[in-house]
Amino acid sequence: GMVSNWTTIPPPLFKKVVIVLIDALRDDFVFGSKGKQFMPYTTQVVEKGTSYSFIAEAKPPTVTMPRIKALMTGSIPGFIDVVVNLNSPALLDDNLIWQAKTAGKRIIFYGDDTWVKLFPKHFVEYDGTTSFFVSDFTEVDDNVTRHLDRVLKREDWDLLILHYLGLDHIGHVTGPNSPLVGPKLREMDNILKKIHISLLSKVEEASLPNLLVVCGDHGMSETGSHGGSSEGEVHTPLLFISSAFEKRSAPLTQPEHVQQTDLASTLAIGLGLPISRNSVGNLILPVVGGKTMREQLRFVHLNGFQLSRLLQENTPAYEKDPGYEHFKIAEKSHGNWIKLYLEGNNSEILLNLGKKVLKQYLEALKTLSSSLSRQVAQYDMYSMVVGTVIIMEVLLLLLLSVPKALSKRAEFEVPLSPPLFSLLFYLMCLMLCAVHVIVCTSAGSLCYFCSMSWLTAVGVMMLISALMCGILSAIAKIFENSRLPAKNPVVSSSSSSWSEIDVLILAGTIGHVLSLGASSFIEEEHQTWYFLINTLCLVLCQELCRNNFLLKECDLQHSTNVKQNFDSIGETSECKNIDIPAASNSKLGKATSSSEFIKGSDKWISLATPWIILICCRLLRSLNQTGVQWAHRPDFGHWLTSSEHKSELSFLAAVSLLMIFFLVQRRCSLVSKIAMALGLLGVYSYRAAIGNVVFPWQHGGKDISK
Ligand SMILES: [Zn+2]
Ligand SMILES: [Zn+2]
């Protein structure tokens, strides 16, 4: 009937479309002071040219591959995509690139090879660059730009996609405020200018106008990283530049916010393609604003039809959804409007009525999108359960072995061989395989674990069963030992005589691991570590006091015990604060040597060490007390890394490296001394080469960019 006739695809609005994706392009790099300073051409086009600019909000995880998927499918992937970010398989979901290829559009791609992996057979021509070498700032982008002059002269393409990685790499290595960002933005500005002028020169011959889209996949945080949900990471600019648009009359105020997923539906309409099946995006109306009211209404209806169909597929009670209800009302008024239009009524009233219908549609689209965003996130529960079971089994096995590993014999034995042949193992394997068959035949193709080969699946089942049997036999062994203490005194004594420190280290480790799993705590995990290290120091102090004042005798066993504890602190503090281990290392070194013979003045030194460590921890903490979420606030670390205090930082780095050398070299042979000296010199030289610290013979550090 009428509805199905409406859903035929209207003709394209643009002839050629160029998408320039600049990795980690944050909104203020274009709209802020940096944009005005380093991107003059783009700023001029944004403020006075024929363009529409928006701030596109990216959904976390703000990592490249999920963002490309969101831009091209319009759907919202789950957090699970982070895991496969480095070996992305081909994108099977309905997407813009596939639709364009099916419609016979010729697509050319240059840039990040993630695209080539996602769309392996879709481009008529491509050149992928790897994003693996993060310290490469120029080559990655030159590899894209070198094709530009040639391809812009040619006429044999419809869609050109460029993905520039250099800015992201600069962000990762030197941060968003580094002096390298400006020149990179200027380079991007010149590229945009070249493309824009070339597209403008082509427009006279063509019947349809061309479109240039500039966007970022995600932004970057104040530390230059991305992945989380801070404002800098999720806000990216989105520019539509075309001679089809009207010249901007009023100066640009703050750009409007849209969703990153809106690009897919907008480009689908612009290219005359069906909107991707799973897209939750809304058409960005200004892009089609130059068309007649009848066409605009048709476009928003197409978008609403696609969204309501997606809702029907995902929700049983879709008819009660407010978005669906709004859409049906808008569709009805649209029908009335068409009737008036066909009667030849062409007055002001018709236009105003049309505007009202348009508003109804936009309202419906927004509501549909938000209820879909709640629905679409699907999780592969079965694969997640299998993975969780394996991890928990390994963890349990490790925990069961901790008493043995911490005992004086420090052994780690996994009892695997006997249970492999036990009846229990075979029974479990059979049962798990049966469960696997049942789950996979009912779940369909959605499950990742089911899509693996049968041999691999059986292997995983055997692993789960073997681990389970290992755990059971380990538990059985512990019970056996506790029942017969005379037979095996070592194990029973070590498992029963855990000191407070052993308990604290174990509980603290488990607690810290658990806190890493909390999503509400993301990027502030170091707070737990601060708390735990302080507690550990206090417990250590208490134990030292007790040993020194209450127990007069100090035998060898005790001193080795204390030594072990200090070693473990040394390891944890080194892991967390790799940058300045020397300060705490010196104290730990003293503590270790002094605790070997606790008597006389050494006794007082050993008593003082926990407090010295506490003071060092406090100093460490003040280096970065704002964490990641509040990283833009001033901090002692910022003071040190700012360019005015480069000499102070250089001095601190040099002293720390020298202290590492002098503390460690005592126990080294000549060869390893030389190797260590060269290694430490290399660390300093690297920092000097990337501009963090100065060479002694270099003044002011003016040659950073070189
Ligand atoms: Zn990226
Ligand atoms: Zn990155």
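This passage describes the overall make-up of a predicted model, its two zinc sites, the helix α10 and the annotated transmembrane spans.

The chain has 706 residues, of which 47% count as buried. Its secondary structure comprises 29 helices and eight strands. Where contacts join residues at least 6 apart in sequence, 73% of them link residues at least 24 apart. The accessible surface amounts to about 36700 Å², and carbon and sulfur atoms account for 63% of that area.

Two zinc ions are present in the model, with 4.5 Å between the zinc ion (ligand 1) and the zinc ion (ligand 2). For the zinc ion (ligand 1), the protein donors are two OD atoms of Asp 23, OG1 of Thr 64, an OD atom of Asp 217 and NE2 of His 218. These donors lie 2.0 to 2.6 Å from the ion, and their spacing along the chain is D-x40-T-x152-D-H. Thr 64 belongs to helix α5 (residues 64–73), whereas His 218 is in the loop between β6 (211–215) and α12 (231–234), so this pair ties together parts of the chain that are 154 residues apart in sequence. Thr 64 and His 218 are both buried.

The zinc ion (ligand 2) is coordinated by two OD atoms of Asp 168, together with NE2 of His 172 and NE2 of His 226. The distances here run from 1.9 to 2.4 Å, and the donors follow the pattern D-x3-H-x53-H. The angles among the four donor atoms range from 56 to 147°, and the site is irregular. Such a site would count as tetrahedral only if all angles lay between 85 and 135 degrees. Asp 168 and His 172 both come from helix α10, where they are four residues apart and therefore separated by about one helical turn. Asp 168 counts as buried because its relative accessibility is 7%, under the 20% limit. His 172, at 35% relative accessibility, counts as partly exposed.

Helix α10 spans residues 166–174, and its buried residues are Gly 166, Leu 167, Asp 168, His 169, Ile 170 and Gly 171. This buried set includes Asp 168, a ligand of the zinc ion (ligand 2). The elements against which the buried residues of α10 pack are two strands, β1 (17–22) and β5 (159–164), and the helices α2 (27–31), α8 (139–145) and α11 (181–202). After α10 comes Gly 175, which has a positive phi near 90°.

Helix α8, one of the packing partners of α10, contains Asp 141. Asp 141 has 0% relative accessibility and so counts as buried. Its side chain reaches the backbone nitrogen of Leu 165 at 3.1 Å. Beyond its neighbours within four places in sequence, Asp 141 is in contact with Tyr 164, Leu 165, Gly 166, Leu 167, Lys 184, Glu 187 and Met 188. Among these contacts, Gly 166 and Leu 167 are buried residues of α10.

An unreviewed UniProt entry annotates residues 381–402, 423–446, 452–475 and 677–697 as "transmembrane region". In the model, residues 381–402 are 100% helix and 0% strand, with 31 Å between the end C-alpha atoms. Residues 452–475 are 92% helix and 0% strand, and the end C-alpha atoms of this span lie 33 Å apart.

Key: Residues numbered from 1 in each chain as written. Chains lettered and ligands numbered in written order. Predicted model: local features only at pLDDT ≥ 70, side-chain atom pairs only at ≥ 80, totals over all residues. Heavy atoms only, no water. Buried < 20%, exposed > 50% of the residue type's maximum accessible area, 1.4 Å probe, protein only. Contact = heavy atoms within 4.5 Å. UniProt positions renumbered as here; feature names shortened; annotations may be inferred. Polar contact = N/O pair within 3.5 Å; in protein donor to acceptor, adjacent residues only side chain to side chain. Donors = N, O, S within 2.8 Å, 3.2 Å for Na, K, Ca; no water. Tetrahedral: all angles 85-135°; square planar, octahedral: opposite > 155°, others 65-115°. Areas by Shrake-Rupley, 256 points an atom, 1.4 Å probe, with all protein chains shown as cover.
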